[in-house]
Amino acid sequence: MFERPDAGERAVLVHLELTSESEREDPQEFKELVTSAGVEPVALVEGSRSHPTPRFFVGEGKLEEIKEAVVLHEADVVLFNHALSPSQERNLERELKCRVLDRTGVILDIFAQRARTYEGKLQVELAQLEHMSTRLIRGWTHLERQKGGIGLRGPGETQLETDRRLLRARIKYIGKRLEKVRTQREQGRRARQRAEIPTVSLVGYTNAGKSTLFNRITEAEVYAANQLFATLDPTLRRITLPDIGPVVLADTVGFIRHLPHKLVEAFRATLEETENADLLLHVVDSNSAEREDNMRQVENVLIEIGADEIPMLVVYNKIDLLDGRGPGIVRDDDGKPLAVWLSARTGEGIPMLFAAISELLARNMVHKTVRLPPNLGRLRAMLYQNGSVVHEGASEDGSLVLEVRLPRSDWLQMLSRAGVSEEALV
């Protein structure tokens, strides 16, 4: 359905510094994106403008420079490190006599190559179809003369309308399938919540080492590679932490600066694992020159999906590439873990990560022994209904002695409903 370049295609890259853009794109990152898509970058055309032109995005002089680069390097495709409108793509293709894709198209192509599960493929197809729906006319340029004029009305427009209708129907169908997936995920989350199993979600910039860390922690075999967007499909594994018990760890899709909004929407079912997590592990490539900027980009995406209020532990990965930097835990003035320095590849610092996660999750859990007098039978019933009683015994004065373990928010809510203070149960 989507025009995915074959390996070995030659591409001319175009990057403009636009003074009208508050946040600039990174040409080096774009090269990595293109390489990840299996395309060979043969030339980079750079320039600067105050604003893009409505017709070609670039100016007439820069357009000639791109033409020359296409001819000189016998390029098959021109890739823009910007978002192009459908009309700009068509105009550029007409002038350059080759295919033109924008930044979103390149990311979509990588996603199409990497999706492995049924859900991942559905999400990619949805994003592709929505992207394609505005560019549909491009596939029917041979019918352009049939759009009007005596004796020539009808066929082109009819075919376009048919294609649009089919696209809308397919988008609607995929939306329903993803809604079903979302419902199934929600059921799984509710079951974990009833069992009081906390969820820890890995987030971070693409290629920060999330899947390598996930494999190290869980001994799973999730695909990990030194390339952008190696992971698209969410993977869940259960691990056991000291003093906490079972914990579900989720590996998610990597973020990137200016992640196209349609991709965020298409991957909503996947990103819900992040939105509903009890703790986020923000994995950072500590060896990257763009480290601080990449961290800000991840925080921006978390704000966009409504996950910015979830407790977070920063994981500075790849310390094996840093000189003189050993593993360690960074704490705030109250002793709360803020960050962990480690290497997912060598395993240095992994025990410290477990300790930090346990500390942070323990702050959200109540695990204690309480004494309930006979008049608090209602509180006992609520604790049993919630599955929060680990052990029950009786004291000499007839009071019940309960060992309970549950999220602090549930504990405080039960105390409020029972009309009793926490101090009265000691």
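Trainee: How many helices and strands are there in the chain, and what makes a stretch count as one or the other?
Mentor: The chain has 13 helices and 14 strands. Both are DSSP runs numbered from the N terminus, a helix being H or I over at least four residues and a strand being E over at least two. This is a predicted model, in which local features need pLDDT of at least 70 and side-chain atom pairs count only at pLDDT 80 or more, while totals for chains, interfaces and linings use all residues. Residues are numbered from 1 along each chain as its sequence is written, and side-chain values use heavy atoms, with hydrogens and water left out.

Trainee: What share of the 426 residues in the chain is buried, and what makes a residue buried?
Mentor: Buried residues account for 50% of the 426. The term applies under 20% relative accessible area, with exposed over 50% and partly exposed in between (1.4 Å probe, protein chains only).

Trainee: Why is the pair Arg10 and Glu40 called a salt bridge?
Mentor: The closest N and O atoms of Arg10 and Glu40 are 3.9 Å apart. The definition asks for a side-chain nitrogen of Lys or Arg within 4 Å of a carboxyl oxygen of Asp or Glu, so the pair qualifies. Arg10 belongs to strand 1 (residues 9-18) and Glu40 to strand 2 (residues 39-49), so this salt bridge ties together parts 30 residues apart in sequence. In the whole structure, 12 salt bridges are found.

Trainee: How do you know whether Arg10 and Glu40 are buried, partly exposed or exposed?
Mentor: Arg10 has 27% relative accessibility and is therefore partly exposed. Glu40, with a relative accessible area of 39%, is also partly exposed.

Trainee: What separates Arg296 and Asp293 within helix 10?
Mentor: They are 3 residues apart in helix 10 (residues 291-304), which means a separation of about one helical turn. Their side chains meet in a salt bridge at 3.5 Å, N to O. Arg296 has a relative accessible area of 46% and is partly exposed.

Trainee: Which parts of the structure does the pair Arg331 and Glu359 tie together?
Mentor: The side chains of Arg331 and Glu359 form a salt bridge of 2.9 Å, N to O. Arg331 lies in strand 10 (residues 328-331) and Glu359 in helix 11 (residues 350-363), so the pair links parts 28 residues apart in sequence. Arg331 is partly exposed at 37% relative accessibility, and Glu359 is partly exposed at 28%. Elsewhere, Glu64, Lys67 and Glu95 are joined into one network by salt bridges that share partners.

Trainee: Why is helix 12 called roughly antiparallel to helix 13?
Mentor: Helix 12 (residues 377-385) and helix 13 (residues 408-418) pack at about 150°, with their axes 9 Å apart. Helix 12 is therefore roughly antiparallel to helix 13, since angles over 145 degrees receive that name, while those under 35 count as roughly parallel, 65 to 115 as roughly perpendicular and the rest as oblique.

Trainee: Which residues of helix 12 and helix 13 meet?
Mentor: Arg378, Leu379, Met382 and Leu383 of helix 12 meet Trp411, Met414, Leu415, Arg417 and Ala418 of helix 13, a contact being heavy atoms within 4.5 Å. These residues comprise 7 nonpolar, no polar and 2 charged.

Trainee: What makes helix 7 largely enclosed by the rest of the structure?
Mentor: Of the 9 residues of helix 7 (residues 210-218), 7 are buried, so the helix is largely enclosed. The buried residues are Lys210, Ser211, Leu213, Phe214, Asn215, Ile217 and Thr218. Their cover includes strand 5 (199-204), strand 6 (235-241), strand 7 (245-251), strand 8 (279-285), strand 9 (312-317) and helix 11. Just after helix 7, Glu219 has a positive phi of about 55°.

Trainee: How do you know the relation of helix 7 to helix 11?
Mentor: Helix 7 and helix 11 pack at about 85°, with their axes 11 Å apart. They are therefore roughly perpendicular to each other. Leu213, Arg216 and Ile217 of helix 7 meet Ile350, Leu353 and Phe354 of helix 11. This contact divides into 5 nonpolar residues, no polar and 1 charged.

Trainee: What covers the buried residues of helix 3?
Mentor: In helix 3 (residues 86-96), the buried residues include Gln88, Glu89, Asn91, Leu92, Glu93 and Leu96. Among the elements covering them are helix 2 (60-73), strand 3 (77-80) and strand 4 (99-101). Lys97, just after helix 3, takes a positive phi of about 60°.

Terms used
Axes fitted to C-alpha atoms, helices over the stretch in contact; angles between N-to-C directions. Nonpolar A, V, L, I, M, F, W, Y, C, P; charged D, E, K, R; others polar.
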